[in-house]
Structure formats: C-alpha cells, structure tokens
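Visitor: I should like to discuss this structure with you, beginning with the ligand and then turning to salt bridges and cysteines. May we look at it together?

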Amino acid sequence: MKVLLINGSPNEKGCTYTALNYMAKALNERDIETRILHVGGDVLGGCMGCGGCGSMGRCVKDDSVNEALKLAEEADGFVFGSPVHFASPSGDMISFMDRFFYAGNFHHKPAAIVISARRGGTTASFDTLIKYPAYNQMPIVSADYWPIIHGHNSPDEVLKDAEGLFTLDTLARNMAWMLKCIEAGKREGVEPELKSKDVWTNFI
Ligand SMILES: Cc1cc2nc3c(=O)[nH]c(=O)nc-3n(C[C@H](O)[C@H](O)[C@H](O)COP(=O)(O)O)c2cc1C
C-alpha cells in the first residue's frame, strides 16, 4: 500500500515538508510506503477550463500536476499539505488541486489534509482543501483535532509543536487503519458500488 503526500509549499524542505515527513515516517512504521512530491514552485498556473484533460487523461500544461497524476495511479491514499498564505492555501496549491482533481479520478482512495501556518488561517485553509476529496468519493481521514501544525521561520519549529505532532500521528494511524480495512475488505470481495452519474441539472 502506498500513500502519495503532496507538498504545496514553495519551500521544498520547509514546515509543510517537515509535517508531511513526520506523517510519512509514522505511515512507514505501519508498513505503508510513502512518496512526498514537492509541487509548490512547479505549477504552471491554474486550470484554463479547456477540457483537454477529458480527452488526454492529463493536463495540457505539463508540470507537477501530470507527475502527480502518474504517481496517483499507484497510490492507495493521499495527503495534501499546504502552508497558509493570507489565510488560504498557497496559490500554487489551489492551482494544483483544481487541475489535479479536474484531470484525475481518485474515487474511494482515502485522503487527508495537512496545513502549516505561523498563526492564523489554518481552519479556513483546511476548509478549502477538504472540499476536493469531499467532492470525489474519497473517504476523508480525520484526527483528534484539525490537522494543523505551527511553524514559521524554521522547520524545527514544527517539531516543537507537540500537540500538532500528536495530531499528525493520529492522522497517520487513522490513514494506515483505513487503508488496511479497505485492503481486508477487498480480500473478502467487498468493493464500492460504482454508478456513473447521468443526471446533471444546472441552475440556469
Ligand atoms: C505569502 C505568505 C503569506 C502568509 N500568510 C500567512 C497567514 O495568513 N497566516 C499565517 O499564520 N501564516 C502565514 N504565512 C506563514 C506560513 O504559513 C508559515 O510560515 C508556514 O508554516 C510556512 O510553511 P513552509 O515552510 O512549508 O512554506 C505566510 C507566508 C507567506 C510566504
């Protein structure tokens, strides 16, 4: 079982990475393979609404979104991590998520969110990112607090946020448990009931 962790910070090895890495270690200890993909700084803007992904199965802009789409094929679960920029996820992360979720389909694969901030805007940023898996039939992994961590000037600050680290550990434990439950269910022949949606009612 594999989990793909997305780092939407412009800092490759900053606070968001440190939080994701902490979670990755906790997942590894539970026999879950991990891959952290740094996408911040390598996102060629937002979705252009061209619909190219519908025919190509990938984005017309060839950047970290396409790399993530490729890795996602092998992933059983996802963690989407972002720093807070002006009380929202980073601009790169929002652009990444719009295009990743418009081009891909990750139904029934569990997803968790991780938010890093100096002080404010954490739950607002969480609210923004959780909407992507919540729209896409992905089981949401939660912890015993909102999955936020505090750090600013140095990634070491993240490692001093004891309660935040405990929350990340809970998130990882719950992700591992959910993945193992899904795997056990598959062995017993329990599969999700997939139906393609043929009702689209636009309010116009
Ligand atoms: C453009 C910008 C805007 C920011 N806005 C906020 C903010 O609204 N609230 C906050 O607590 N921290 C804010 N920060 C601080 C970062 O969220 C915080 O340092 C974060 O942990 C950095 O993660 P990173 O090292 O992975 O980039 C901002 C940082 C930047 C660069």
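Guide: A polar contact is a pair of N or O atoms within 3.5 Å. The model is a predicted one.

Visitor: How far from an oxygen atom of the ligand does a backbone N or O atom of arginine 119 lie?

Guide: Arginine 119 is among the residues closest to the ligand. The cut-off for a polar contact is 3.5 Å. The atom concerned in arginine 119 is a backbone N or O, and its distance from a ligand oxygen is 2.6 Å.

Visitor: How much of the ligand's accessible area does the protein cover?

Guide: On its own, the ligand has 650 Å² of accessible area. The share of this area covered by the protein is 76%.

Visitor: Which element gives the largest share of the shell around the ligand?

Guide: The elements that contribute two or more residues to the shell are helix H1 (15-28), strand E3 (77-85) and strand E5 (111-117). The largest share amounts to three residues. The element that supplies this share is E3.

Visitor: Which serines have a polar side-chain atom in contact with an oxygen atom of the ligand?

Guide: In one serine, a polar side-chain atom lies 2.6 Å from a ligand oxygen; this is serine 9. In another, a side-chain N or O atom is 2.7 Å from an oxygen of the ligand. The cut-off for a polar contact is 3.5 Å. The residues asked for are serine 9 and serine 116.

Visitor: How many residues of the shell around the ligand are polar?

Guide: In total, 17 residues surround the ligand. Of these shell residues, six are nonpolar and two are charged. The number of polar residues is nine.

Visitor: How many residues apart in sequence are the parts that arginine 35 and glutamate 67 tie together?

Guide: These two residues form a salt bridge, with their closest N and O atoms 3.8 Å apart. Arginine 35, at 39% relative accessible area, is partly exposed, and glutamate 67 is partly exposed at 37%. Because arginine 35 belongs to strand E2 (residues 33-38) and glutamate 67 to helix H3 (residues 64-74), the pair joins parts whose separation in sequence is 32 residues.

Visitor: What separates glutamate 73 and lysine 70 in helix H3?

Guide: Glutamate 73 and lysine 70 form a salt bridge whose closest N and O atoms are 3.4 Å apart. Glutamate 73 is exposed at 53% relative accessibility, and lysine 70 is exposed at 55%. Because the two residues are three apart in helix H3, their separation is about one helical turn.

Visitor: With which residue does arginine 173 form a salt bridge?

Guide: Arginine 173 is partly exposed, its relative accessible area being 28%. The closest N and O atoms of the pair are 3.0 Å apart. The partner lies four residues away in helix H6 (residues 162-187), so about one helical turn separates the two. That partner is aspartate 169.

Visitor: How many salt bridges does the count come to?

Guide: The pairs discussed include arginine 35 with glutamate 67 and glutamate 73 with lysine 70. The count comes to six.

Visitor: How many disulfides does a search of the whole structure find?

Guide: A disulfide is a covalent bond between the sulfur atoms of two cysteines. Cysteine 53 is buried at 14% relative accessibility. Its sulfur has its closest cysteine sulfur in cysteine 47, 6.4 Å away, which is too far for a bond. The number found in the whole structure is zero.

How values were computed:
Residues are numbered from 1 along each chain as its sequence is written. This is a predicted model: local features need pLDDT of at least 70, side-chain atom pairs count only at pLDDT 80 or more; totals for chains, interfaces and linings use all residues. Side-chain values use heavy atoms; hydrogens and water are left out. A residue is near a molecule or strand if one of its heavy atoms lies within 4 Å of it. A polar contact is a pair of N or O atoms within 3.5 Å; within protein, one must be able to donate a hydrogen and the other to accept it, and residues adjacent in sequence count only if both atoms are side-chain atoms. Accessible areas come from the Shrake-Rupley method with a 1.4 Å probe; for residues, only the protein chains shown count as cover. Ala, Val, Leu, Ile, Met, Phe, Trp, Tyr, Cys and Pro count as nonpolar, Asp, Glu, Lys and Arg as charged, and the others, Gly among them, as polar. A salt bridge is a side-chain nitrogen of Lys or Arg within 4 Å of a carboxyl oxygen of Asp or Glu. Buried means under 20% relative accessible area, exposed over 50%, partly exposed in between (1.4 Å probe, protein chains only). A disulfide is a pair of cysteine sulfur atoms within 2.5 Å.
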